[in-house]
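Q: Please take one part of this model and describe it closely. I would then like the account to move outward, with the cut-offs stated as the terms arise.

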Amino acid sequence: MKAIGWLYDQEFKYVFQNIGKDLWEDLRQEVAVIVLEYDAEKLRELEAKGKQVFKFWIVRICCNQTNSKYGKFGRMYAALVPVEDIVKFIKEEEEIDNSQAVADSILKIVEGLYWYDQEILKMYVELGSVRKVSKQTGIPHTSIFITIKNIRKCIKQQLVY
């Protein structure tokens, strides 16, 4: 079968490397499986039309495999994140300053908050969860969550140490 031989020559290697990037060898194997499972008569017709027509068909299969939500290759590898990108997500751990000065600064910031925010924060600290505060007050949990989120943001912005 000429088609499988073509898949493994240098010209097609460049195609797979350009489309598949780091996973080009896996892409080539997936495409080889598709070619082997393809109707033999139609495959002979493609081979008869020449290498360039076959190459165009292979490029189309590669693009469908990598870009389509229905392609097996795209579904298998969509969740993978390149190592270089993972490094971007890793934060260097900062030392947490638990000194009394920081605690006093936070207390001062909290005292300057609107009374509603102070009460929600106080209940959140005492009860330990947004859902419990919501149950006790009757305020929707999303509203409580947004309030707590905004309080944290406010404290972080004003806290200088």
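A: A contact here means heavy atoms within 4.5 Å. The structure is a predicted model, in which local features need pLDDT of at least 70 and side-chain atom pairs count only at pLDDT 80 or more, while totals for chains, interfaces and linings use all residues. Residues are numbered from 1 along each chain as its sequence is written, and side-chain values use heavy atoms, with hydrogens and water left out.

The part chosen is the place where helix α9 meets helix α11. Helices and strands are DSSP runs numbered from the N terminus (helices H or I, at least four residues; strands E, at least two). On the α9 side, Y116, D117, I120, L121 and Y124 take part, and they meet I144, T147, I148, I151 and R152 of α11. Helix α9 spans residues 115-127, and its axis lies 10 Å from that of α11, at an angle of about 100°; axes are lines fitted to C-alpha atoms, for helices over the stretch in contact, and angles run from 0 to 180 degrees between N-to-C directions. The two helices are therefore roughly perpendicular to each other (65 to 115 degrees; under 35 is roughly parallel, over 145 roughly antiparallel, the rest oblique).

Within this packing, T147 can be followed in detail. The residue belongs to α11, which covers residues 141-158. T147 counts as buried because its relative accessibility is 10% (buried is under 20% relative accessible area, exposed over 50%, partly exposed in between, with a 1.4 Å probe and protein chains only). Apart from residues within four places in sequence, the contacts of T147 are with Y116, D117 and I120, and these three residues of α9 are among those that meet α11. The T147 side chain also reaches the backbone oxygen of S143, at 2.8 Å. Such a polar contact is a pair of N or O atoms within 3.5 Å; within protein, one must be able to donate a hydrogen and the other to accept it, and residues adjacent in sequence count only if both atoms are side-chain atoms.

The surrounding chain comes to eleven helices and zero strands. Of its 161 residues, buried ones make up 27%. Among contacts between residues at least 6 apart in sequence, 57% join residues at least 24 apart.

Two further buried residues, in the N-terminal portion, touch each other. F16 has its place in helix α2, and with a relative accessible area of 0% F16 is buried. C62 sits in helix α5 (residues 51-67) and is likewise buried, at 0%. Setting aside neighbours within four places in sequence, F16 is in contact with L7, K21, W24, L27, R28, V31, I58 and C62. By the same reckoning, C62 contacts F16, I19, L27 and V31. From C-alpha to C-alpha, F16 and V31 are 9.6 Å apart, with their positions 15 residues apart in sequence. The C-alpha atoms of C62 and F73, which are eleven residues apart along the chain, are separated by 8.9 Å.

Helices α2 and α5 are also joined through charged side chains. The structure holds four salt bridges, each a side-chain nitrogen of Lys or Arg within 4 Å of a carboxyl oxygen of Asp or Glu. In one of them, D9 pairs with K51, the closest N and O atoms being 2.4 Å apart. D9 lies in the loop between α1 (2-7) and α2 (10-20), K51 lies in helix α5, and the two are 42 residues apart. E11 forms a salt bridge with K55, its closest N and O atoms being 3.0 Å apart. E11 is in helix α2 and K55 in helix α5, so this pair ties together parts that are 44 residues apart in sequence. D9, E11, K51 and K55 are linked in a network of salt bridges. K51 is partly exposed, at 26% relative accessible area, and E11 is also partly exposed, at 26%.

Helix α4 (residues 40-49) contains E47. E47 is buried yet has no salt bridge, and the nearest side chain of opposite charge, K2, is 5.7 Å away (Lys and Arg count as positive, Asp and Glu as negative; His and the chain ends are not counted). The E47 side chain does reach the backbone nitrogen of K2, at 3.3 Å. Elsewhere in α4, R44 and E41 lie three residues apart, about one turn of the helix, and form a salt bridge whose closest N and O atoms are 3.3 Å apart.
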